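Work through the three exercises below with the sequence and the model at hand. Each task is followed by its solution in steps.

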Amino acid sequence: MTARIYRPARTAMQSGTAKTDRWLLEYEAERPREIEPLMGWTSSGDMKSQLKLWFDTQEEAVAYATRNGIPYRVEQPHEPSRRTMAYSDNFKFSRVGQWTH
């Protein structure tokens, strides 16, 4: 069972960068989830898919995986390019689009 080591992106409901500085080790599912015939719930007999381990650095997560003999795959985070802009830039004369209200 392969593990995936990555740094999660921020959620759509977040404007800040909370909970994005730590690395996460998750196991990938060995088999797909099944629909239970009685209640219609999705279930899986794979207990490792529920396990999530948090680490402060990528090196700690890789060291844990190698120490325990877990095959792993590291996904590098995509850093967003932030464009800083002042509120007064909305009213500049050199603005590309016209400001209407």
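**Exercise 1: a charged residue in a loop**

D46 lies in the loop that connects strand 4 (42-43) and strand 5. The model is a predicted one.

Task: Determine which side chain of opposite charge is nearest to D46, and whether D46 is buried or exposed.

Solution.
1. D46 is buried.
2. The nearest side chain of opposite charge belongs to R31, 6.2 Å away.
3. A salt bridge requires a nitrogen–oxygen distance within 4 Å, and D46 has no salt bridge.
4. Beyond its neighbours within four places in sequence, D46 is in contact with M1, E28, A29, E30 and R31.

**Exercise 2: the sheet**

Task: Work out in which order the strands of the open sheet are arranged, and which strands stand at its edges.

Solution.
1. Four strands make up the open sheet, in the order 5-2-1-6, with mixed pairing.
2. Strand 5 and strand 6 are at the edges with a single partner strand each, so one side of each lacks a neighbour in the sheet.
3. On average, neighbouring strands of this sheet are turned by 20° against each other, direction ignored.
4. Strand 1 and strand 6 pair in the parallel sense, over four bridges.
5. I5 is opposite V74 in strand 6.

**Exercise 3: the two faces of helix 1**

Task: Identify the buried residues of helix 1 and what covers them.

Solution.
1. In helix 1 (residues 58-67), the buried residues are Q58, A61, V62 and A65.
2. Those residues are on the same side of helix 1 because they cover an arc of only 95° around the axis.
3. Their cover includes strand 1 (3-6), strand 2 (23-27), strand 5 (52-55) and strand 6 (72-75).
4. The face turned away from the buried side carries the exposed residues E59 and R67.

Terms used: Residues are numbered from 1 along each chain as its sequence is written. This is a predicted model: local features need pLDDT of at least 70, side-chain atom pairs count only at pLDDT 80 or more; totals for chains, interfaces and linings use all residues. Side-chain values use heavy atoms; hydrogens and water are left out. Buried means under 20% relative accessible area, exposed over 50%, partly exposed in between (1.4 Å probe, protein chains only). The arc is that of the directions from the helix axis to the C-beta atoms. Contact means heavy atoms within 4.5 Å. Lys and Arg count as positive and Asp and Glu as negative; His and the chain ends are not counted. Two strands pair if DSSP finds at least two bridges between them. Axes are lines fitted to C-alpha atoms, for helices over the stretch in contact, and angles run from 0 to 180 degrees between N-to-C directions.
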